[in-house]
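Take a look at the chain below. The report that follows walks through some of its parts.

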Amino acid sequence: MSEAAASHATDRRDLTAAQRNAVAELLRVSPVADELGRRFAAAGHELHLVGGSVRDALLGRLGEDLDFCTDAHPDQTLDIVRGWAEAIWETGREFGTIGCQRGGLRLEITTFRAESYDQVSRNPVVAYGTSLAEDLRRRDFTVNAMAVSVPEHRFTDPYGGLADLAAKIVRTPGTPAESFGDDPLRMLRAARFAAQLRFAVHPDVRAAMTRMATDLDRITAERIRDEFTKLLCGADPIAGLRLLVDTGLAERFLPELTGLKLEIDEHAQHKDVYEHTLTVVSNAVSYEEDGPDFVLRMAALMHDVGKPATKAIGPDGRVSFHHHEVVGARLTKVRMKALRYPKDVTAKVTTLVGLHLRFYGYGRGEWTDSAVRRYVTDAGDLLPRLHKLTRSDCTTRNRRKAAQLAADYDALEERIARIAAEEDLARVRPDLDGNAIMELLGVPPGPVVGRAWKHLKDLRLERGPLDRDTAEAELLRWARDEGIRD
């Protein structure tokens, strides 16, 4: 289909619902977009709203970030936007992109591209294209291969993106093998679209993902991390996760997830640990209050990854996974480090994985106030997430057992609230600070002070607040036992 045949002026008489959404969204941004389009036209260049911006406009959810493509090269784009844009940035210049801001909108303008991989390198090789048709063909999926010219508002859809959008299906403009050969990350992006937009993946695309999964090894960990994070934070992460496992993509960067399919949960013989894990992720999503929480979702996904390494069968034939939370926390840390997640994010997720099993046993009446204090202190500011993760982990189909677990956790939360009100658990500190320790023991700053501080904190967690005289007596007793004082 030629570009001329594919382009047509919007006719209000036969607009689909998606097209009506697009008109409304485009009218909202037209004052800025059309003004910019006129500047490019005056300079002898084309400008088109393109890709995700057109897709989102059709879905009625266009945001404040707009993507454009043009035949102008970056230097020419800079000349056009200077004096008009309120701010300009060139961070994407090496990829042909110039960014600017105007009227509360963030605009990214990219030169027509013929981007591809050389089948060996881990980064794209960018070459400028010469036409809109060429640019649209190199895009990942048909729903992202649509354009609207500005200021004329001609709609271009050479690959049936509008029909695929209506059918909620992920398909590639050319053959899937050609698209994924250019950029293997697109396979992961297809799974992300399944999670974010609740789209189905075309059978041909799915088959290519399975056949070409090993090509993902050519992609940098950072790019994989970013796509996976978007997938896990999608509206339906379960659909995306299943697709990753079923196509073999998960094996390339998150093999722990695939490994869960082999394990049986000792607490629920009717389902494997993999299915249990997906249910826990789904439960965690239902507990979110302010949008997607990556830390909570990732902890839910990884909470049982230590089970394959800790599986044991007892004399009675029952399967157990003792200390799988400890092993799981270690595996989670290693995996997230390999994916280049920030250290603070990794620390939060691994802490939750390590603590997720702590609650079990509370309902048997074994917990003292000291145990509750340690639970709260070890969780720190992650306590609200730990509450959600622990509740999410209850997936038993036994209604009586599920009700008992929920009641037990309700009781624990009430007990935490009571003790917190009495003792300010959020700021548990020893009853003597470092200065008081040094003065009482007659020691300078150093390791002894740290050891003494830790002893007093453990004492505080065990017995609750101590008065000054008791704290000092306990410190002196500890110092004598340690041979620090006679």
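At roughly what angle do the axes of helix α19 and helix α20 cross, and within what distance do they come? The axes of helix α19 (residues 369–379) and helix α20 (residues 383–392) cross at roughly 110° and come within 8 Å. Axes here are lines fitted to C-alpha atoms, for helices over the stretch in contact, and angles run from 0 to 180 degrees between N-to-C directions. α19 and α20 are therefore roughly perpendicular to each other. (Angles of 65 to 115 degrees count as roughly perpendicular, under 35 as roughly parallel, over 145 as roughly antiparallel and the rest as oblique.) From α19, the contact is made by Tyr375, Val376 and Ala379; from α20, by Leu383, Leu386 and Thr390. Contact means heavy atoms within 4.5 Å. The residues of this contact divide into 5 nonpolar, 1 polar and no charged. (Ala, Val, Leu, Ile, Met, Phe, Trp, Tyr, Cys and Pro count as nonpolar, Asp, Glu, Lys and Arg as charged, and the others, Gly among them, as polar.)

**Basis of the model**

This is a predicted model, in which local features need pLDDT of at least 70, side-chain atom pairs count only at pLDDT 80 or more, and totals for chains, interfaces and linings use all residues. Residues are numbered from 1 along each chain as its sequence is written, and side-chain values use heavy atoms, with hydrogens and water left out.

**The whole chain**

The chain has 24 helices and 12 strands. Both are DSSP runs numbered from the N terminus: helices are H or I with at least four residues, strands E with at least two. Of the 486 residues in the chain, 50% are buried. Buried means under 20% relative accessible area, exposed over 50% and partly exposed in between (1.4 Å probe, protein chains only). The chain exposes about 22,600 Å², and carbon and sulfur atoms supply 50% of that area. Accessible areas come from the Shrake-Rupley method with a 1.4 Å probe; for residues, only the protein chains shown count as cover. Among contacts in the chain with a separation of 6 or more, 65% come from residues 24 or more positions apart.

**Strand β6 and its partners**

Strand β6 spans residues 105–111. Because 5 of its 7 residues are buried, β6 is largely enclosed by the rest of the structure. Strand β3 (residues 65–70) pairs with β6 in the parallel sense, over 6 bridges. Two strands pair if DSSP finds at least two bridges between them. Asp65 stands opposite Arg106 in β6. Phe68 stands opposite Ile109 in β6.

Strand β5 (residues 97–102) also pairs with β6, in the antiparallel sense and over 6 bridges. Arg102 stands opposite Leu105 in β6. β5 and β6 form a hairpin with 2 residues between them. Gly103, in the turn, has a positive phi of about 55°.

Strand β3 has another link. Strand β2 (residues 47–50) and β3 run antiparallel, joined by 3 bridges. There, Leu47 stands opposite Thr70 in β3.

**Loops with marked backbone angles**

The table lists three loop residues.

| Residue | Loop | Backbone angle |
|---|---|---|
| Pro151 | between β7 (147–149) and β8 (154–156) | omega about 10°, cis peptide bond with Val150 |
| Lys168 | between α6 (161–167) and β9 (169–170) | positive phi of about 55° |
| Arg340 | between α17 (324–338) and α18 (343–355) | positive phi near 65° |

Lys168 is not a glycine. Arg340 is likewise a residue other than glycine. Are these residues buried or exposed? Lys168 has 47% relative accessibility, so it counts as partly exposed. Arg340 counts as partly exposed because its relative accessibility is 45%.

**Two residues and their distant partners**

Ala200 lies in strand β10 (residues 200–201). At 43% relative accessibility, Ala200 counts as partly exposed. Leaving aside its neighbours within four places in sequence, Ala200 is in contact with Lys168, Ile169 and Val170. Gly240 is 40 residues from Ala200 along the chain, and their C-alpha atoms are separated by 9.9 Å.

Arg330 sits in helix α17. With 51% relative accessibility, Arg330 counts as exposed. Arg330 and Thr350 are 20 residues apart in sequence; C-alpha to C-alpha, they are 7.3 Å apart in space.
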